[in-house]
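Subject: Structure handover

Hi,

Here is the structure I promised to pass on. Please open it beside this email and follow along.

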Amino acid sequence: MRQEAVRLTQFAHGGGCACKIPPGELEEVVGGLTAPSLTGADSSLLVGLATGDDAAVVTLPGQEGTAVVSTADFFTPVVDDPYDWGRIAAANALSDVYAMGGRPIVAVNLLAWPRDRLPFALAREVLRGGLDVATEAGCHVGGGHSVDDPEPKYGMAVTGVADPARLLRNDSGRAGLPLSLTKPLGLGVLNNRHKATGERFEQAIATMTALNREASAAALAAGATCATDVTGFGLLGHLHKLARASGVTAVIDTSAVPYLEGAREAVRDGYVSGGTRRNLEWVAPYTDFGHTDAGTRLLLADAQTSGGLLVAGEVPGAPVIGELVPDGPHSIILK
């Protein structure tokens, strides 16, 4: 089987972060799954399941100035090129550490491969792409784990470090802060179009492979304490989680939200994933949509893969798309 003839996206039921379990179902599954003996006022766990943040954070005895950040992320092919898929998956996994204000230090690969259907030469390219992005991030790759699986999947488990006094959390937003978004939306619909037609969207690949390292550093330098990355639950889903955890309402200026070239056309032409529609259904009871049109609603809920950071605060070079206001009847208001 020639590498250039293989369309990896055709071996997956979904693509990228659009294949995540729907947020409402996931919350039902993990609700209450904590160890009582390891929680409480004296717990070393600074960030866990409670607010659905991007990664877990723990402190170490005798290391007051350092916290350990731990996360894992993997998904089915989002593009056909194996090297690009590896790069995207690695950037996406590393993003969870950056979203907490941390620095990744070591990662291990997570690989599921249909060994009787796809050549291992493609798997090598996937791993090479992941290694190159991790190297760009200054993060070691120390092996990993693989399984024989009918559907290809790839990602990383990543360990990082952060200053526990300077974390970016999704529960520390407060009324009066602006909201900045560091990458444009539309990755989901463009990836879905790619899966359906084979069209290659360089703007989407460049966005997904870009590290959130500089955005995280800029947010910390600006004094931000609240952020999350925008991935499979879409902007609205991750914004709802942030507003809910922080006890505020988010007001979004829909005209200020940036989109990738071709995103609106992809929505118009029907390339909307089931994950995106489930995202919109989940946030609908908590959102005042105002006069926002149907296409814009779908783009705001679009399941992103390796999206940008959503920061409560101003980030140089990133558009301000709204603000946090005192808690009201909705967690999100669109204007």
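**Two helices that meet**

α2 and α5 lie oblique to each other, because an angle from 35 up to 65 degrees falls in neither the parallel nor the perpendicular class. Their axes cross at roughly 40 degrees and come within 8 Å. Keep in mind that this is a predicted model.

Which residues make the contact between α2 and α5? On the α2 side they are Asp84, Arg87, Ile88 and Ala91. On the α5 side they are Ile205, Met208 and Thr209. By type, this contact has four nonpolar residues, one polar and two charged.

Now look at α5 itself, residues 202-209. Its buried residues are Ala204, Ile205, Thr207, Met208 and Thr209. They pack against α2 and also against α4 (187-197).

**Helix α3**

Next, go to α3, residues 120-136. How far apart should its ends be? The helix has 17 residues, so at 1.5 Å a residue it should span 24 Å. The end C-alpha atoms are 24 Å apart, which agrees.

Several α3 residues are buried, including Leu122, Val126, Gly129 and Val133. An α-helix has 3.6 residues a turn, so residues three or four places apart point the same way. The buried residues of α3 pack against α2, β4, β5 and β6. Just after the helix, Gly138 takes a positive phi of about 75 degrees.

**A hairpin and its neighbour**

β2 (residues 56-60) and β3 (residues 63-75) are antiparallel and share five bridges. Leu60 faces Gln63 across the pair. Two residues sit between the strands of this hairpin, and Gly62 has a positive phi near 75 degrees.

β3 also pairs with β6. These two run antiparallel, joined by nine bridges. Find Phe74: its bridge partner in β6 is Gly155.

**The seven-stranded sheet**

Last, the open sheet. Seven strands line up as β8-β11-β7-β12-β9-β13-β10, with mixed pairing. Which strands stand at the edges? They are β8 (227-229) and β10 (287-288). Each has a single partner strand, so one side of each is left without a neighbour in the sheet.

Helix α7 (residues 234-246) packs on this sheet. The strands α7 touches are β7, β8, β9, β11, β12 and β13. The direction of α7 makes about 150 degrees with that of β9.

Within the sheet, β9 and β12 run antiparallel and are joined by five bridges. One pair to find there is Ile252 with Gly322 of β12.

Best wishes

Definitions and conventions: Residues are numbered from 1 along each chain as its sequence is written. This is a predicted model: local features need pLDDT of at least 70, side-chain atom pairs count only at pLDDT 80 or more; totals for chains, interfaces and linings use all residues. Side-chain values use heavy atoms; hydrogens and water are left out. Helices (H or I, at least four residues) and strands (E, at least two) are DSSP runs, numbered from the N terminus. The expected span of a helix is 1.5 Å times one less than its number of residues. Buried means under 20% relative accessible area, exposed over 50%, partly exposed in between (1.4 Å probe, protein chains only). Contact means heavy atoms within 4.5 Å. Axes are lines fitted to C-alpha atoms, for helices over the stretch in contact, and angles run from 0 to 180 degrees between N-to-C directions. Angles under 35 degrees count as roughly parallel, over 145 as roughly antiparallel, 65 to 115 as roughly perpendicular and the rest as oblique. Ala, Val, Leu, Ile, Met, Phe, Trp, Tyr, Cys and Pro count as nonpolar, Asp, Glu, Lys and Arg as charged, and the others, Gly among them, as polar. Two strands pair if DSSP finds at least two bridges between them.
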